[in-house]
Each structure stands twice: as structure tokens, then as C-alpha cells.
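Me: I've got a structure open and I'd like to talk through a few spots in it. Can you help?

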Amino acid sequence: NSAGLSNVLLNETEWQEAVQRVTPNLDVLTAGVIPDNPLPLLRLQRMRTLINSLSNMYDCIILDTPPLTGVADTTIIGSVVDGLLLVVRPGVADYDSAIAVKKLLANTEQHVLGIVANGINLKNEPYTKNYVEQY
């Protein structure tokens with residue numbers, strides 16, 4: 001993580017040098033060295049330019065961001081991407097937080113592609129028994 005997104009946005013390195021090949025079909029650009037105030041980096045035109053450059057080279061770009069509640073990063077990044085995919089862990093994300101995120105996304109007119117429920121214990125879900133056994 002010595003060179004990553006922050007280093008690219010600060011013009012300390014080119015993205016091609018910071019991207020790491022993980023498997024034959026997966027490259028990763030880590031966060032890089034975290035500056036004292038990273039938020040202004042995301043507002044730079046350089047972030048939009050970087051996303052455009054990456055989209056010319058890759059079929060799919062996934063940006064992992066902090067949770068939506070209380071952090072502005074995601075809404076700023078949401079303005080330069082095609083859409084947001086929300087990941088929620090039942091039992092961890094509470095109802096009030098989910099409502100707050102829904103309002104935030106509505107107010108900022110973010111394009112939500114969908115939602116993923118992560119960390120579900122199928123044994124605790126009443127309607128999954130037949131589905132899991134069939135597949």
C-alpha cells in the first residue's frame with residue numbers, strides 16, 4: 001500500500017505503476033498512503049479523469065468505500081461513477097442507519113444499482129431451506 005489511489009491523485013505516481021495484478025483477471029489499486037486530509041483529493045478533476053482512464057482499460061471498476069453514514073467520500077465518489085452497489089450486513093446495520101442512507105442517497109440523487117446482503121446465515125432464514133437444497 002505504499003503507492004495507490006492517493007499517490008496517483010497527488011501526481012506522485014501514474015496509475016499504471018500503482019496497479020497491482022492479483023490474479024490473471026483482477027488488478028487492484030490500493031488506497032495508497034493516506035494524507036492528512038484525503039477528502040479534497042476526491043473532489044479533484046483528477047479523480048474523474050482517473051475513472052475515465054480506468055474505464056477505457058477495464059470492463060468493470062469497483063471502488064470500495066467507507067460506510068455511507070457519517071462519511072462524505074462515498075457521495076463524492078458516487079458523482080463520478082455509473083452507480084452505487086450497497087452492501088449491508090443484517091444484524092450489524094440497524095434500521096435507523098438504513099433509513100439515513102436512503103435519505104442521503106435520495107437527497108444527493110445517487111444512482112443505486114442494487115443491494116447485497118452480506119454475512120447472512122442461511123440456517124436462520126425461514127424461506128431458504130428449499131432453495132438451498134435444490135441448488
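Me: Where is Thr13 found?
Reply: Quick heads-up: this is a predicted model, where local features need pLDDT (the predictor's confidence in each residue, from 0 to 100) of at least 70, side-chain atom pairs count only at pLDDT 80 or more, and totals for chains, interfaces and linings use all residues. Numbering runs from 1 along each chain as its sequence is written, and side-chain values use heavy atoms, leaving out hydrogens and water. Helices are DSSP runs of H or I, at least four residues, and strands are E runs of at least two, numbered from the N terminus. Thr13 sits in the loop between α1 and α2.

Me: Is Thr13 buried or exposed?
Reply: Buried means under 20% relative accessible area, exposed over 50%, and partly exposed in between (1.4 Å probe, protein chains only). Thr13 has 13% relative accessibility, so Thr13 counts as buried.

Me: Which side chain does the side chain of Thr13 join in a polar contact?
Reply: A polar contact is a pair of N or O atoms within 3.5 Å; within protein, one must be able to donate a hydrogen and the other to accept it, and residues adjacent in sequence count only if both atoms are side-chain atoms. At 2.9 Å, the partner of Thr13 is Glu17.

Me: Which helix gives the most to the largest nonpolar core?
Reply: A nonpolar core is a set of buried Ala, Val, Leu, Ile, Met, Phe, Trp, Tyr and Cys residues joined through side-chain atoms within 4.5 Å. The largest one has 14 residues, with Val8 and Trp15 among those with the most contacts inside it. Helices α1, α2, α3, α4 and α5 each supply at least two residues. The top contributor, with four residues, is α4.
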